[in-house]
Amino acid sequence: MGSQADGPRMIDEATAKSILAAAGIDVPAGRTGDDPELLLADLTGPFVLKAVSPTLIHKSDAGGVAVGLAADEVRAAAKTMRETVSAAGHEVSAFLLEEMAAGPHEVVVGAVRNPGVGWVVMVGLGGVFVEVLQDVAFGVAPLVRPQIVEMIDELRGLPLLQGARGSEPADLDALVGLIEALAGPGGLLDLMPPQVTEIDLNPIKLGARGAVAVDARFVVD
Ligand code: ADP
Ligand code: MG
């Protein structure tokens, strides 16, 4: 668990992902350690390398994510990453090496604990769609499947997920299943201790088969 003097406290990404996996949510295969070359065993490339740092919240803003690496590129990427992230003022305590999840689509799922209401759950299209267009839909947990389907149907960008513009249609059933594992009756949110106030899965990679949470942020109060 990390802390930052002027920012939220968070559970580290690898731990958050193992909690997700235990709840039946797919995450990329990955390993954490000091020497990224030693982490290559048992993983299949291409790889994603991420800096682990308790103070680093938006990793890519500080050069803390490198995607699409071949095995022989990992060492140099780690050296550059350590320098760049340190220069941005964050100490790299370890590296997380992961397998690449296939897209092409990215969606965002979040949950915020709201006193008196419970967990407010958000789903949206990833990247520019959530940041600029705020194409998101909300619901209050526990959410049953028809409610989850309804939330997804509310998204204006849904046709993009369904394969408009020639992209591969996303596995929306897998997305519904992921949200159900998180926010359904008896889902992960029900099991979260009160200290956990926010969960962000940004992004979830969606392809023709499956939904994989490639980033996970659990905020602790
Ligand atoms: P940040 O802290 O900057 O949000 P992320 O872990 O979300 O870092 O990584 C940045 C981007 O890299 C993601 O939005 C996603 O597009 C891509 N990415 C990260 N991990 C993976 C992965 N395992 N497979 C495929 N793409 C990934
Ligand atoms: Mg992210």
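Select the shell around ligand 1 and colour it by residue class: nine residues are nonpolar, three are polar and seven are charged. Keep in mind that this is a predicted model.

**The ligand and its closest neighbours**

With the shell still selected, narrow the view. The shell holds 19 residues, and those that come nearest to ligand 1 are Lys-50, Lys-59, Ser-60, Ala-101 and Glu-106. Three of these can be visited one at a time.

Start with Ser-60. An N or O atom of the Ser-60 side chain is 2.3 Å from an oxygen atom of ligand 1. Move to Lys-59, where a polar side-chain atom lies 2.8 Å from an oxygen atom of the ligand. Then pick Ala-101 and show its backbone: a polar backbone atom there is 2.8 Å from a nitrogen atom of ligand 1. On its own, ligand 1 has 540 Å² of accessible area, and the protein covers 85% of that.

**The strands around the ligand**

Switch to a cartoon view. Which strands each supply at least two residues of the shell around ligand 1? They are β3 (47-52), β4 (65-69), β5 (94-99) and β9 (196-206). Select β9 next: with three residues, β9 gives the most to this shell.

**The largest pocket**

Now hide the ligand and look at the space where it was. Ligand 1 sits in the largest pocket, which contains about 980 Å³ of space. The pocket is lined by 41 residues, and Glu-13, Ile-57, Lys-59, Asn-202 and Asp-215 are the closest to its centre. Lys-59 is thus a stop on both lists, as one of the residues nearest the ligand and as one of those closest to the pocket centre.

Colour the lining by class as before: 21 residues are nonpolar, seven are polar and 13 are charged. Several elements each supply at least two residues of this lining, among them the helices α1 (13-22) and α3 (128-131). The strands that do so include β1 (9-11) and β6 (105-114), along with β3, β4, β5 and β9.

**Three places in the backbone**

Leave the pocket and turn to the loops. Most residues other than glycine have a negative phi, and most peptide bonds are trans. The next three stops depart from that pattern.

Select Gly-103 and Pro-104. The peptide bond between them is cis, with omega near 15°, and Pro-104 lies in the loop between β5 and β6.

Go on to Ala-141 and Pro-142, which are also joined by a cis peptide bond; here omega is about 0°. Pro-142 is in the loop between β8 (136-140) and α4 (145-154).

Finish at Asp-42, in the loop between β2 (30-33) and β3. Asp-42 is not a glycine, yet its phi is positive, at about 70°.

Key
Residues numbered from 1 in each chain as written. Chains lettered and ligands numbered in written order. Predicted model: local features only at pLDDT ≥ 70, side-chain atom pairs only at ≥ 80, totals over all residues. Heavy atoms only, no water. Near = heavy atom within 4 Å. Polar contact = N/O pair within 3.5 Å; in protein donor to acceptor, adjacent residues only side chain to side chain. Areas by Shrake-Rupley, 256 points an atom, 1.4 Å probe, with all protein chains shown as cover. 1 Å grid on protein atoms, 1.4 Å probe; cavity = no way out; pocket = protein on both sides within 12 Å on 5 of 7 lines; lining within 4 Å. Sits in = over half its atoms within 2 Å of the grid points. Helix = DSSP H or I, 4+ residues; strand = E, 2+ residues; numbered from the N terminus. Nonpolar A, V, L, I, M, F, W, Y, C, P; charged D, E, K, R; others polar. Points joined across faces, edges and corners; volume = space filled by probe spheres on them.
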